[in-house]
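This report describes selected features of a protein model and of its ligand surroundings. The sequence and structure are shown first.

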Amino acid sequence: MKKNIYQPVKAVIEEIIEESSTIKTFRLKPEGDFSFSTGQFIELTVPGVGEAPFTPSSDPGVKGSLDLTIMNAGEVTSKLHSLRKGDAVGLRGPYGKGYPLDTFKGKDILIVGGGVGLAPLRSLLFSLFSKINNYNKVVLRYGARSPKDIVYKTSLPDWAKMERVDVLVSVDIGEPAWQGNVGLVTTILGNAPIDFTNAVGIVCGPPIMMKFVTLKLLDIGFKPPDIYLSMEKSMSCGLGKCGHCRLGKYYACKDGPVFTYEQLKDIQGIWD
Ligand SMILES: Cc1cc2nc3c(=O)[nH]c(=O)nc-3n(C[C@H](O)[C@H](O)[C@H](O)COP(=O)(O)OP(=O)(O)OC[C@H]3O[C@@H](n4cnc5c(N)ncnc54)[C@H](O)[C@@H]3O)c2cc1C
Ligand code: FES
């Protein structure tokens, strides 16, 4: 019998980590073999509600489970947020093209995340950390709305202590106990300790943040082919068939979700 390409595999929720009041990390154990490359995405089915695309936030090198860090944004995600350890969901994928790690070898890597956009970037960070000697330097700049909205709160200080890794977090709105930077993430990019002539910039976050970070990276000397954007366009099939995710001549699900700015710069409405 012909395989149904839309049929999800069952995955059980093994653990739930509360990252903030609106964001949780779900550790899933899928049935059978399931693997992905960093930056690829999956379609997650919440039984009785529907499905939505998410990019795993875990280390692709860890077999047997995967993490999804998910913001409660609407129908599928609010039901998901009400589920408990032991409940089952569905997964299909992985889909799309991930980050071209070979292209990053020998370079300074500036990673810029906004809000829950740090999720796919955490998976990328794990991949980079596992072969850190392949890269000159990994510089993470992360922006969250407030200290309470920061995800991976316990991991960020550990990453900052690693050799060849530099981490700085900024919040839009501070709090009395917050000792760190206050301001949009663009305000902590200018003095990032990297050699812009041999660097790539990798960005993931809300469209408005991606737009202004891209403009800032261009301003400080990055070239369009060296800026990588994770385009979280509205998707449906995930397979290049329905046309929902069209981006000019590309389908974000099949040709992306990771694109260089060079690929996208002449397409209208990329930040919508
Ligand atoms: C490739 C890809 C990877 C993603 N990875 C993550 C992730 O790791 N973590 C995470 O929290 N979210 C991620 N998203 C966004 C996530 O898919 C949406 O938040 C989710 O589809 C919302 O579904 P819902 O049914 O809960 O909300 P809905 O009820 O469908 O909508 C709620 C609101 O969100 C908007 N919305 C719906 N889909 C999207 C979308 N794809 N992008 C932007 N806005 C949308 C709607 O317009 C509406 O305003 C990703 C999206 C894509 C395309
Ligand atoms: S989601 Fe259907 S073509 Fe991309």
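## Surroundings of V151

Beyond its neighbours within four places in sequence, V151 is in contact with E19, S20, I23, T69, V116 and L118. In this predicted model, V151 belongs to the loop that runs between β8 (137–144) and α4 (155–160). The residue counts as buried, because 24 C-beta neighbours lie inside 10 Å of V151 and the threshold for that class is 20 or more.

One of the contacts may be described further. V116 and V151 are separated by 35 residues in sequence, yet their C-alpha atoms are 7.2 Å apart in space.

## Backbone exceptions

Most residues other than glycine have a negative phi, and most peptide bonds are trans. Two residues depart from the former tendency. Y152, which is not a glycine, has a positive phi of about 55°; Y152 is placed in the loop between β8 and α4. Y152 counts as buried, because it has 22 C-beta neighbours inside 10 Å. R164 also is a residue other than glycine with a positive phi, here near 70°. The position of R164 is in the loop between α4 and β9 (165–171). With 15 C-beta neighbours inside 10 Å, R164 counts as partly exposed, since that class lies between the limits of 12 or fewer for exposed and 20 or more for buried.

Cis peptide bonds are found at two glycine–proline steps. G93 and P94 are joined by a cis peptide bond with omega of about 5°, and P94 is part of strand β6 (residues 88–95). A cis peptide bond with omega of about 5° also joins G256 and P257. P257 lies in the loop between α6 (252–255) and β15 (258–260).

## The six-stranded sheet

Six strands form an open sheet in the order β4-β3-β6-β1-β2-β5, and their pairing is antiparallel. The edge positions are taken by β4 and β5; each has a single partner strand, so one side of each is left without a neighbour in the sheet. Direction ignored, neighbouring strands of this sheet are turned against each other by 40° on average.

Individual pairings can be followed through the sheet. Strand β1 (residues 9–18) and strand β2 (residues 23–30) run antiparallel and are joined by seven bridges, with V12 opposite K29 in β2. On the pairing of β1 with β6, four bridges are found, again in the antiparallel sense; here K10 stands opposite G90 in β6. β6 is also joined to β3 by four bridges, the two strands running antiparallel. In β6, R92 is the residue opposite E43. P94, at the cis peptide bond with G93, likewise has its place in β6.

Helix α1 lies across four strands, namely β2, β3 (41–46), β4 and β5. Relative to β4, α1 runs at about 90°.

## Two domains and their contact

The domain assignment divides the chain into domain 1 (9–95) and domain 2 (101–230). Their C-alpha centres are 23 Å apart. Across the boundary, 15 residues of domain 1 are in contact with 14 residues of domain 2. The side of domain 1 that touches domain 2 comprises four nonpolar, nine polar and two charged residues.

## The shell around ligand 1

Which residues come nearest to ligand 1? Of the 21 residues around ligand 1, these are A52, G74, V76, T77 and E232. By class, the shell consists of 13 nonpolar, five polar and three charged residues.

Both domains take part in this shell: domain 1 (9–95) and domain 2 (101–230) each provide at least three residues. Among secondary-structure elements, β4 (50–54), β5 (66–71), α1 (75–82) and α3 (118–130) each supply at least two residues of the shell. Among these contributors, β4 and β5 are the strands at the edges of the six-stranded sheet, and α1 is the helix that lies across β2, β3, β4 and β5.

Conventions
Residues numbered from 1 in each chain as written. Chains lettered and ligands numbered in written order. Predicted model: local features only at pLDDT ≥ 70, side-chain atom pairs only at ≥ 80, totals over all residues. Near = placed C-beta within 6 Å. Nonpolar A, V, L, I, M, F, W, Y, C, P; charged D, E, K, R; others polar. Domains from an automatic or database assignment. Contact = placed C-beta atoms within 7 Å. Pairing = 2+ DSSP bridges. Axes fitted to C-alpha atoms, helices over the stretch in contact; angles between N-to-C directions.
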